[in-house]
Amino acid sequence: MTAAPTTLTASGLTLRYGGTRALDDVSLSLTRGVTGLLGPNGAGKTTLLRVLATAVPPDGGEFRALGHDPRGSAGRLALRRELGYLPQTPGFHPDFTAFAFVDYVAILKELTDRGARHREVRRVLDAVDLGEVRGKRLKRLSGGMRQRVALAAALVGDPGFLVLDEPTVGLDPEQRMRFRELIAEAGEGRTVLLSTHQTEDVAMLCHRVVVLAHGRVRFEGTPAELTARAAGRVWSSDRRDPAARAGWRTGTGTFRNVGDPPEGADLLEPTLEDGYLLTLDGESAGVTA
Amino acid sequence: MRSRSGPLQRMKSRPPSRTGRCPLFRAVLRALVPPVWRTLPWRAAALAGAGGLLLAGSTRLPERVPDQGAGWAVLRLVALLGAVAFGFILDDPARHTTAAAPVGRAVRAGLRTALALPVAAVWWTTALLLIPGPARPPAGPVTVEAAAMATTALALATAVIRCTDGTRPGRTTAARLALAAPALALVPDRWGLLGVPGEPWWTGTQVRWASVLCLTALWCAVATPEPLRRWRPGHGRPGDRPGRTSAAR
């Protein structure tokens, strides 16, 4: 099987706020399909996404996406024309209807032909299952519906590069399942970078995963490779094992431990979350339960 | 969801030449007028506008015979109310959702201001005409003051957007204007902005208002365009200059 062509390469991206390095020499590459971006709070995920979405330039380093170099205004404009961005906290004009808001974003994406633009807006609203409520004002929609409006706004104009910042936060399980479907569909033929705290989202959606901590890339590879990092390092016991980096009581009453197992331990099949925890290796205060 | 190809791509195709971009820009502007008009801060404008007109109209009450000094004071308060409304023009709850759109914030801010200007001009003319003739200050200088107050409000709102993640700079701007206005009264007349015709420092007052107008308009022009920070070439490490904005947090 031939490797998918690289659609985004970033090297040495650095960004600091005052004395804090939000991004510290970040290098990565993306191909078509959904790439997950995992990391604890404050890891720099949102900052990285905003840099790659051209919302803020880095202090150092460079990247090219879809063949465009955004350091110049022409390259930035060319990239933005092929970019869909869903921020962590999408905002809306509350008095707009779902249709009017997505139409407004479509105009900002330079879709000027009214008839074609309206067809496109209807298409993306149908794609996110909001066709029935497109005439409703945004302030009357639920949080999950508004999140889908934001996804529709990101999808309008058929962008080749989608940047999604924690799109499933605050959604109930059913909405999250629906969102996974949408993102999986969006990943067909596009480059999608998905930031999330949910390791299940990455396990189910992503063909590649990047783990970020303290502004640095700690892992870049496939979900299977991240999971494999925990092979032989997950075991069960009757009591919490003090040697474990993380351990918690499961529904069956036994403890699931992650770390360096004692000899003769009852090893378990690792999950992506185990690999993620071991990759962070105590960098986040919340790793050890 | 369909795969990426087809009619939309053709619809989006643009002439590569520089001259080909002007018709596209004009078409975008035309299409943007209705939604941007809807996003203007009409509530704040209505409140401030009605307050300003009531204030100006109060000079016509029969028991009052205002002199020109009172006319100046009233019109300056009216202008301050108008400036407060102008501070809300850059309120954009969808700021982050539209942060990566090809049509940048500067275009939208310019369009919002351009759409608000005719309404503001009609409102200001009405307020001027409501002041009885003998008490009415000369239209030119007082209008320069009103314009300077409005651009100051815009400059403050621009600074809030540039330095923070905020999407609604209007309230912060209004509070700052409300604090700054009484402070002006404490400045000695010789150096202040509240002189009136006939006073020896009147010319200086006009020059200072014109300077405020030019400087704040210049700040708006410089600080509005994106990106909020500059791209730095190459792979180099960050320099000594810390990030000036939290916009990317």
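## A tour of chains A and B

Start by selecting A:Thr54, in the loop that links helix 1 and strand 4 of chain A. Keep in mind as you go that you are looking at a predicted model. A:Thr54 isn't a glycine, yet its phi is positive, at about 65 degrees. Is A:Thr54 buried or exposed? A residue counts as buried once 20 or more other C-beta atoms lie within 10 Å of its own, and A:Thr54 has 26, so it is buried.

**Next stop: the sheet beside that loop**

Now select strand 1 (residues 6–17), strand 2 (20–31) and strand 4 (60–65) of chain A. They make an open sheet with the order 2-1-4 and antiparallel pairing. Which strands sit at the edges? Strand 2 and strand 4 of chain A do, each pairing on one side only. From one strand to the next, the twist averages 15 degrees.

Here's a handy bit of background: strands of a sheet pair through backbone hydrogen bonds, either parallel or antiparallel. Zoom in on strand 1 and strand 2 of chain A, which pair in the antiparallel sense over 8 bridges. To spot one of the partnerships, pick A:Tyr17 and look across to A:Thr20 in strand 2.

Add helix 1 (residues 45–52) of chain A to your selection. This helix lies across strand 1, strand 2 and strand 4 of chain A, and it runs at about 60 degrees to strand 2.

**A well-covered helix**

Move along to helix 3 (residues 98–108) of chain A, where 10 of the 11 residues are buried. Among the buried ones you can click on A:Phe99, A:Phe101, A:Tyr104 and A:Leu108. A:Asp103 is on the buried list too.

Just past the end of helix 3, find A:Glu110. It belongs to the loop between helix 3 and helix 4 (114–127) of chain A. A:Glu110 is another residue other than glycine with a positive phi, near 70 degrees. With 22 other C-beta atoms within 10 Å, A:Glu110 is buried.

**A hairpin further along chain A**

Select strand 8 (residues 208–213) and strand 9 (residues 216–221) of chain A: they run antiparallel and are joined by 5 bridges. A:Leu212 has A:Val217 in strand 9 as its bridge partner. How many residues lie between the strands of this hairpin? There are 2, and A:His214 in the hairpin takes a positive phi near 50 degrees.

Before leaving chain A, highlight residues 8–239, which an unreviewed UniProt entry lists as "domain: ABC transporter". Over that stretch the chain is 35% helix and 28% strand. The C-alpha atoms at its two ends are 47 Å apart.

**Across to chain B**

Hide chain A for a moment and show chain B: it has 8 helices and 0 strands. Of its 249 residues, 36% count as buried. Among the contacts in chain B with a separation of 6 or more, 77% are between residues 24 or more positions apart.

For the last stop, select helix 5 (residues 105–130) of chain B, which has 26 residues. At 1.5 Å a residue it should span 38 Å, and its end C-alpha atoms are 37 Å apart, which agrees. Where is the kink in helix 5? Look at B:Leu117, shortly before the proline B:Pro118: the kink there is about 30 degrees. Finish by colouring some of the helix's buried residues, including B:Arg105, B:Leu111, B:Trp123 and B:Trp124.

Definitions and conventions
Residues are numbered from 1 along each chain as its sequence is written. Chains are lettered from A and ligands numbered from 1 in the order in which they are written. This is a predicted model: local features need pLDDT of at least 70, side-chain atom pairs count only at pLDDT 80 or more; totals for chains, interfaces and linings use all residues. Two strands pair if DSSP finds at least two bridges between them. Helices (H or I, at least four residues) and strands (E, at least two) are DSSP runs, numbered from the N terminus. Axes are lines fitted to C-alpha atoms, for helices over the stretch in contact, and angles run from 0 to 180 degrees between N-to-C directions. Two residues are in contact if their C-beta atoms, placed from the backbone, lie within 7 Å. A residue is buried if 20 or more other C-beta atoms lie within 10 Å of its own, exposed if 12 or fewer, and partly exposed in between; C-beta atoms are placed from the backbone. UniProt positions are given in the numbering used here, feature names are shortened, and annotations may be inferred rather than shown by experiment. The expected span of a helix is 1.5 Å times one less than its number of residues. The bend at a residue is the angle between axes fitted to the seven residues ending there and the seven starting there.
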